[in-house]
Amino acid sequence: MSWIDWLIVFAYLVYVVWDGVRRSKGTDEIEGYFLAHRSLPWWAVGLSVMATQMSAITLVGTTGQGATDGMRFVQFYFGLPIAMLILAVTLVPFFHKARVFTAYEYLEKRFDGRTRTLTSALFLLSRGMSVGVIVSAPAVIMSATLGLSFPLAVALIGAPAVVYTMFGGVQAVTWTDVKQMVLIIGGLGALLVVLLLGIPDDVGIGGALSVAGATGRLDTFDFSFSLNETYTFWSGLIGGTFLMLSYFGTDQSQVQRYLTARSIDEARSSLFISAYWKIPLQAMVLMIGVLVFVYYLFSAPPLLYNLEHAATVQAEAGSEYAALQQRYDDAFQARREAAIDLATARSAGDRALAERITAEFLAGNDELEAVRTDALELAGRTTGENPRDINYIIPAFVLSELPIIIPGLFIAAVLAAAMSSISSELNSLSTATVIDFYRRRFRPGESDAHYLRVSKVATGFWGVFACGVALYAVALGSLIEVVNRFGSFFYGSILGVFILAFVPFARGRGSFFGLFAGMGTVAAVSFFAPDVSFLWHNVIGAVVVVSVGALLSLNAPPDDGDRAAGSAAERAAA
Amino acid sequence: VKPHTKWLAVRVIAVQVITLVALWFLQSTYGAG
């Protein structure tokens, strides 16, 4: 990267820390620190919700997925708008009326203390781990592509987010999220424009889409019904709805965003921003990946996108690598010529010729993929590391192919995407630690100033913990799926407990043991039927918790939580 | 549910339908079939 690009990245880092820390002036009470006194406007909360969900993994991994696999990943999000609509009329008013700090605090009002403690502990466990992955994803890529040491990359991403979240609380999280979201959209938009302008004139956009489409990369919809497939219409619609209900409805990192809204209506409106824009935005991110694939049809792509691996393989297995490179260059030339012929035949409307060239083009593409598979296998053997390089495609493209300023903007956008997720998660981990454990179990009745001090320490602790996990998360494989898999073990079951809150006769005993039954069932399914997609784990977990919880509640005496608060579900529904 | 919320919900569904139709158009026009 040029010094101008580094300057952009540095300016972003300085600005975001300054902007976050200056928010600490207004956060002298615990309700201000965690909930901004429930005073934030819907659009800021809505952008914060989106920024929290859009991590660096989304930006880098999903674009890479678009380049290698095409548009079908967008089906994963088909349940999101439905989930948002359901949450807007159920849990959102619920939480706001209960005036809680955490989603799990509400469960004590409805059921009992042990259900709250268990769900909050599960949240801390799964989020604490996954925030480490969210730090490590961009750190791995930055260290390989920019030549930074890995611990330095972790510190560069983690430290600023920890500092501004620790001092500025939720105000800092939300307002930096807003600006980071603008930067992310700007970065993506710039990338899209550059890619569209980079399509060769004799190919054109239609020709480019034809060629990409011939490889199946524009096949978005798969209507087959299979529990083993994650990216199908039905998995996305049904499994995705349950996953998004769990994530946006019961995960403190998201619930806390809309708890800061001024009113129930503003909280609803904030969720509707995601409902509107998530699928179009995700489609755009994937399309960027598809266009990078198109770009590399006409310009020679690297054999290995992880440049660090490429250098190691060249040094240690030079002759083998050179032979693969020669095969790769030949295959690329053959595919390039076929791609140009195909685009020309399609735009001329010559279907018979286009069909014949399509076969030729696909054969060239298969040969290229075969050489890549051999090269990845060689990289794995030589480096002893996971050779998958999907997450490196876009950074390699941006840094080696795009003109000055765009790489700096892109790296700043990746940092923004990472920090906007990390800060929300640290803020929510601290909230759950202090509100659900420290204040509830260990030191009740202390002053507000005391809890505020402890909250800042807890934020700092989780920040250091996340960076520690990040240093060991590298070996965990595909970063996108790791984060989702972590959550899916608990997510569906925790959602089941919240659904159970709407069952008038449900009791604490049912929710507590139902939760164990749900998690046990999901664990059994993933052990005995490992082919079942993790998206369906959420459905299974939720259904088992509700069924077992309802059964165990039959004829059970009311518990303390019920007697203290009555059925909040019934009150909210009334 | 307030009329305002219902109206928002209708608009959310409309935006999704437009997006899905656009994706379907891409698939049916350029897809591998």
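User: How many salt bridges does the rule count over all chains?

Analyst: A salt bridge here is a side-chain nitrogen of Lys or Arg within 4 Å of a carboxyl oxygen of Asp or Glu. By that rule, the count is 19 over all chains. Keep in mind that this is a predicted model, where local features need pLDDT of at least 70, side-chain atom pairs count only at pLDDT 80 or more, and totals for chains, interfaces and linings use all residues. Residues are numbered from 1 along each chain as its sequence is written, chains are lettered from A in the order in which they are written, and side-chain values use heavy atoms, leaving out hydrogens and water.

User: Which parts does the pair A:Asp19 and A:Lys179 tie together?

Analyst: Helices are DSSP runs (H or I, at least four residues), numbered from the N terminus. A:Asp19 sits in helix H1 (residues 3-21) of chain A and A:Lys179 in helix H9 (residues 150-197) of chain A, so the pair links parts that are 160 residues apart in sequence. Their side chains meet at 2.9 Å, N to O.

User: Is A:Asp19 buried or exposed?

Analyst: Buried means under 20% relative accessible area, exposed over 50%, and partly exposed in between (1.4 Å probe, protein chains only). A:Asp19 has 0% relative accessibility, so it counts as buried. A:Lys179, at 31%, is partly exposed.

User: What about a salt bridge inside one helix, such as A:Arg381 with A:Glu377?

Analyst: Those two are four residues apart in helix H16 (residues 351-383) of chain A, so about one helical turn separates them. Their closest N and O atoms are 3.1 Å apart.

User: How do I read helix H3 of chain A, and how many of its residues are buried?

Analyst: Start with its span: the expected value is 1.5 Å times one less than the number of residues. H3(A), residues 42-53, has 12 residues and reaches 17 Å from its first C-alpha to its last, close to the 16 Å expected. Nine of the 12 are buried, so the helix is largely enclosed by the rest of the structure. One of these is A:Thr52, with a relative accessible area of 2%. The A:Thr52 side chain also reaches the backbone oxygen of A:Ser48 at 2.7 Å.

User: And where chain B meets chain A, how many residues are in contact?

Analyst: Contact means heavy atoms within 4.5 Å. By that test, 21 residues of chain B touch 28 residues of chain A. Across this interface the rule finds zero salt bridges.

Definitions and conventions. Polar contact = N/O pair within 3.5 Å; in protein donor to acceptor, adjacent residues only side chain to side chain.
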